[in-house]
Amino acid sequence: RVSHAFHSPLMEPMLAEFRQVVERLTYEAPRIALVSNLTGELATAREVCDPEYWVRHVREAVRFADGVTRLAALGVTACLELGPDGVLSGMGQESVPELLFSTVLRKDRDESGSLLEGLAQVFVQGHGVDWAAFLAPSRPRRVELPTYAFQRERYWMGSASEAGDDIPKTTDSGFWDAVERGDASELADLLALPGDESLTAVLPALSAWRRQDRERSAVEGWRYRVAWSSLAGVSGVLSGAWLVVVPAGLAGDAWVGECVRGLARSGARLVMLELDADESGRERIVERLRDVLDGEAGLAGVVSLLAVASGRDAVFGSVPVGLALTLGLVQALGDVGVEVPLWCVTRGAVAVSDSERVIDLDQVQLWGLGRVAGLELAGRWGGVVDLPEVVDARLVGRLAGVLASREAEGEVAVRAAGVFGRRVVRAAGSGGGSWRVSGTVLVTGGTGGVGRHVARWLVGVGAEHVLLASRRGPAADGVRELEAQVAELGARLSVVACDVGDRDAVAGVLAGVPAEVPLTAVVHAAGVLDDGVLDGLSVERFERVL
């Protein structure tokens, strides 16, 4: 409570008497920079030592917002308020939201705790606090902290929403807050409408739209995609002996030959090993490795070009020859005790830009194998490198640079435009809108947990007929309960026994789709699981899954 309305015309009757008082005082120049709330600028020594300055101060307007803005312009990033109850901090935060404001006195809190909290807020934002001086009166001693609580790494990508309440509210936040609360009266006030009757009908629809928009935004925050980023500084010179493994009969191939010659030109001494499809067995590759490495004092690394072995083989069935040979090589290198990085090279297995296309889907599978190898065999895994369909000395030189680099890049593409690393980035929003379906939707693996969930969801978005295909078909657990749930929702459900790995069986299912509700979509949720660590996998297990 004050006796006068300071900084207003009501102060004028006392200015003369006030001037007489301040003229008798002694003034000294400030020792630290002072921003004047009379001018909103840095105060000079001449100003603050002049009694007339203080007469003006008691009468004229307080330019607080100008002063705080000036602080920000001078590079100030944090403000510690020494006044009572944080009044200035509240106004300052409103004037310049990007500044940190902390206060050390609160009317309803203990002074020691309030001071400590104010200093801590400044400290955690990266500003220096002399804690030794602060703690000296209590004579503290150091104690050892357990380190395990702090030895952790976060691998998941953060999001802007994690900043929480620190994010400034948008100008329309009041509008949407009123919508979400269903407060028609407040909304009418915000929109300057004479009454809230006109909003009563539209408010529920607005609230539902807002809720759906929030849900869609949350889901889109979970979506990611692969991007390729240009890598700088991925270079080096090869040295020492490198084992180069190529498919039998392809050593003279133009693409393979250019890769081998380029690696030799880069300074490596090459030890060559050719593997035939008949030699894919783990034990046989162990024998071949021991033969070619006999007498070698040590290897610097291993480069495999086995991925480019094309086609299938009667021995492997659905498994590409290159994938089968690479699995055997990975396992055999461990059996022999080769503990140097293995790099697998593919040709046209990834598309770095929209203008590129994947030219060999078989080799894409090797990238999946490589990702698992990078997790399980970190000590003896280098990575996967993709080259274009046509290579030259410059491109192979870049490949050599990747192999020799100390950068931890396990998924790399070498192109004429440079070297690119694979990254996971947030996917752009879908732009809203829901998928609406009609007619028949086929769900493979339809009687499994995912299939049943998808079936109920499909009916909810408009499917008139849901066709579930699985190996057990109507005999699967939970089918009767699912039929009853779908019937209650007013849709048809058909369940058929079908192995989707059997092309003729799938053709028969498709032929049985009713003409009055034609097939409009397929959700493929079927799959075979036969997983294990790489050292325990086999080509036969790959074949079952593929």
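# A tour from Arg492 inwards

Start by selecting Arg492, which is partly exposed, with a relative accessible area of 38%. Here buried means under 20% relative accessible area, exposed over 50%, and partly exposed in between, computed with a 1.4 Å probe on protein chains only.

The model is predicted, so local features need pLDDT of at least 70 and side-chain atom pairs count only at pLDDT 80 or more, while totals for chains, interfaces and linings use all residues. Residues are numbered from 1 along each chain as its sequence is written, and side-chain values use heavy atoms, with hydrogens and water left out.

## Salt bridges

Keep Arg492 selected and add Glu516: their side chains form a salt bridge, 3.7 Å from N to O. Arg492 belongs to strand 13 (residues 492–497) and Glu516 to the loop between helix 19 (503–511) and strand 14 (519–524), so the bridge ties together parts that are 24 residues apart in sequence. Glu516 is exposed, at 60% relative accessible area. Next, select Glu258, Arg261 and Arg265, which are joined into one network by salt bridges that share partners. Within that network, Glu258 and Arg265 meet at 3.0 Å, N to O. Glu258 is buried, with a relative accessible area of 15%.

A salt bridge here is a side-chain nitrogen of Lys or Arg within 4 Å of a carboxyl oxygen of Asp or Glu; by this rule the count comes to 22. Helices (H or I, at least four residues) and strands (E, at least two) are DSSP runs numbered from the N terminus.

Now move to Arg415 and Asp386. Their closest N and O atoms are 2.8 Å apart, in another salt bridge. This pair links distant parts of the chain, with Arg415 in strand 9 (residues 411–415) and Asp386 in strand 8, 29 residues apart. Both Arg415 and Asp386 are buried.

## The nonpolar cores

Which residues touch the most other members of the largest nonpolar core? Select Leu243, Val245, Leu299, Val302 and Leu342; the core has 48 residues. To see where it is drawn from, colour the elements that give two or more residues to it: strand 4 (241–247), strand 5 (269–275), helix 13 (282–293), helix 14 (321–336), strand 7 (342–347), helix 15 (361–376), strand 8 (381–387) and helix 20 (539–545). Helix 14 gives the most, with nine residues. A nonpolar core is a set of buried Ala, Val, Leu, Ile, Met, Phe, Trp, Tyr and Cys residues joined through side-chain atoms within 4.5 Å.

Centre the view on Leu243. Leaving aside residues up to four places away in sequence, Leu243 touches Val271, Leu273, Leu289, Val292, Leu299, Gly301, Val302 and Val303. Another core, of 29 residues, lies apart from the largest one; Val244, Val303, Val385 and Val412 are among its members.

## Aromatic residues

Select Phe123, Trp131 and Phe134, which form one aromatic cluster. Rings of Phe, Tyr and Trp (its six-membered ring) pair if their centres lie within 6.5 Å; planes under 30 degrees apart count as stacked, over 60 as edge-to-face and the rest as tilted. The structure holds six such pairs. In the pair Phe123 and Trp131 the centres are 5.5 Å apart and the planes at 85°, so the pair is edge-to-face. Phe123 is partly exposed at 40% relative accessibility, and Trp131 is partly exposed at 21%. Trp131 also pairs with Phe134, with centres 5.7 Å apart and planes at 90°, so this pair is edge-to-face. Trp131 and Phe134 are three residues apart in helix 7 (residues 131–135), separated by about one helical turn. Phe134 is partly exposed at 28% relative accessibility.

Then go to Trp255. Arg347 lies over its face, 4.9 Å from the ring centre. A charge sits over a ring if NZ of Lys or CZ of Arg is within 6 Å of the ring centre and within 35 degrees of the ring normal.

## Backbone stops

Most residues other than glycine have a negative phi. His7, not a glycine, has a positive phi of about 65°. His7 is in the segment before helix 1 (15–22) and is partly exposed, at 31% relative accessibility. Arg139 also has a positive phi, near 45°. Arg139 sits in the loop between helix 7 and helix 8 (173–181) and is exposed at 75% relative accessibility.

## Confidence

Finally, colour by pLDDT, the predictor's confidence in each residue, from 0 to 100. The chain averages 87, and 94% of the residues score at least 70. Over residues 162–168 pLDDT stays under 50, and the model has three contacts there beyond four places in sequence. Contact means heavy atoms within 4.5 Å.
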